[in-house]
Amino acid sequence: MNTPITVQYRINAPVNKVWKALTDQNEMKSWYFDIQDFELETGKEFNFFEPGEEKKYHHQGRILEVIPEQWLKHTWSYPDFSNAETTVIWELQSENEGTVVTLTHEGIENFKDLGDGFSRENFTQGWNTIIGQSLKSYLENN
């Protein structure tokens, strides 16, 4: 199945505030991940682990494309498990006084041989939680 995962939520916050939450490493650690080497520049790589002490999954990404306050595209991979890469696109669209955030995760089938932890269902659930709960709550309550 080559269908990307698409998750979309409306957040009651202006685009500039949503963009800052997506691209400022100090804000990211409040709702997303602690990505200490994140730099919003095409070609830059970044690395992080899931929260907690376990450090089971090393995530790695590389910025592919940036259109400020509209579009962020980066790779998503697990170098400790596979050479496979996927692509994540964050798209922001102003709507009235809020922002529609659309996340598209392409190439998820590249992880199919890595086990249940890398299933389409897990990623779909994860992105819904990250955007629909964590990001939305962070922006609407701060």
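The largest nonpolar core of this predicted model has 37 residues, and those with the most contacts inside it are Trp31, Tyr32, Trp76, Trp90, Phe123 and Trp127. Two or more residues of this core come from each of strand E1 (5–11), helix H1 (15–23), helix H2 (25–31), E2, E4, strand E5 (85–95), strand E6 (98–106) and helix H3 (120–140). H3 gives the most, with seven residues. In soluble globular proteins, nonpolar side chains tend to be buried together.

**Core and helix packing**

- Leaving aside neighbours within four places in sequence, Trp90 is in contact with Leu22, Trp31, Tyr32, Gln70, Trp71, Leu72, His74, Val101, Thr102, Leu103, Trp127 and Ile131.
- Of these partners of Trp90, which include Trp31, Tyr32 and Trp127, those three are also among the core residues with the most contacts.
- In H1, the buried residues are Val15, Val18, Trp19, Ala21, Leu22 and Thr23.
- The cover over these buried residues of H1 includes H2, E3, E4, E5, E6 and H3.
- Glu27 has its place in helix H2.
- Is Glu27 buried or exposed? Glu27 is buried, because its relative accessible area is 14%, and the cut-off for a buried residue is under 20%.
- Apart from neighbours within four places in sequence, the contacts of Glu27 are Lys20, Ala21 and Tyr138.

**Strand pairing**

- Strand E2 (residues 45–49) and strand E3 (residues 58–67) run antiparallel and are joined by five bridges.
- In this pairing, Phe49 stands opposite His58 in E3.
- E3 is also joined to strand E4 (residues 71–77) by five bridges, and these two strands run antiparallel.
- Ile67 stands opposite Trp71 in E4.
- Three residues lie between E3 and E4, which form a hairpin.

**Loop residues with positive phi**

- Most residues other than glycine have a negative phi, and most peptide bonds are trans.
- Glu69, in the loop between E3 and E4, has a phi near 65°, a positive value in a residue other than glycine.
- Glu69 counts as partly exposed because its relative accessibility is 37%, and partly exposed residues fall between the cut-offs of 20% and 50%.
- Asn96, in the loop between E5 and E6, has a phi near 55°, likewise positive in a residue other than glycine.
- With a relative accessible area of 72%, Asn96 is exposed, since the cut-off for an exposed residue is over 50%.

**Internal cavity**

- The model has one cavity of 30 Å³ or more.
- The largest cavity holds about 70 Å³ of space.
- Its lining is formed by Leu22, Met28, Tyr32, Ile35, Phe38, Phe46, Phe48, Leu72, His74 and Trp90.
- E2 and E4 each supply at least two residues of this lining.
- By class, the lining of the largest cavity comprises nine nonpolar residues, one polar residue and no charged residues.
- Leu22, one of the lining residues, is also one of the buried residues of H1 and a contact of Trp90.

**Largest pocket**

- The volume of the largest pocket is about 330 Å³.
- This pocket is lined by 13 residues, of which His59, Tyr78, Asn122, Phe123 and Gly126 are the closest to its centre.
- Which element gives the most to the lining of the largest pocket? H3 does, with five residues.
- The lining of the largest pocket divides into eight nonpolar, four polar and one charged residue.
- Phe123 is thus found both among the residues closest to the pocket centre and among the core residues with the most contacts.

Note on methods
Residues are numbered from 1 along each chain as its sequence is written. This is a predicted model: local features need pLDDT of at least 70, side-chain atom pairs count only at pLDDT 80 or more; totals for chains, interfaces and linings use all residues. Side-chain values use heavy atoms; hydrogens and water are left out. Two strands pair if DSSP finds at least two bridges between them. Helices (H or I, at least four residues) and strands (E, at least two) are DSSP runs, numbered from the N terminus. On a 1 Å grid over the protein atoms alone, a cavity is a set of points where a 1.4 Å probe fits but cannot get out, and a pocket is an open set with protein on both sides within 12 Å along at least five of seven lines; lining residues have an atom within 4 Å of a point. Grid points are joined across faces, edges and corners, and a volume is the space filled by probe spheres set on the points. Ala, Val, Leu, Ile, Met, Phe, Trp, Tyr, Cys and Pro count as nonpolar, Asp, Glu, Lys and Arg as charged, and the others, Gly among them, as polar. A nonpolar core is a set of buried Ala, Val, Leu, Ile, Met, Phe, Trp, Tyr and Cys residues joined through side-chain atoms within 4.5 Å. Buried means under 20% relative accessible area, exposed over 50%, partly exposed in between (1.4 Å probe, protein chains only). Contact means heavy atoms within 4.5 Å.
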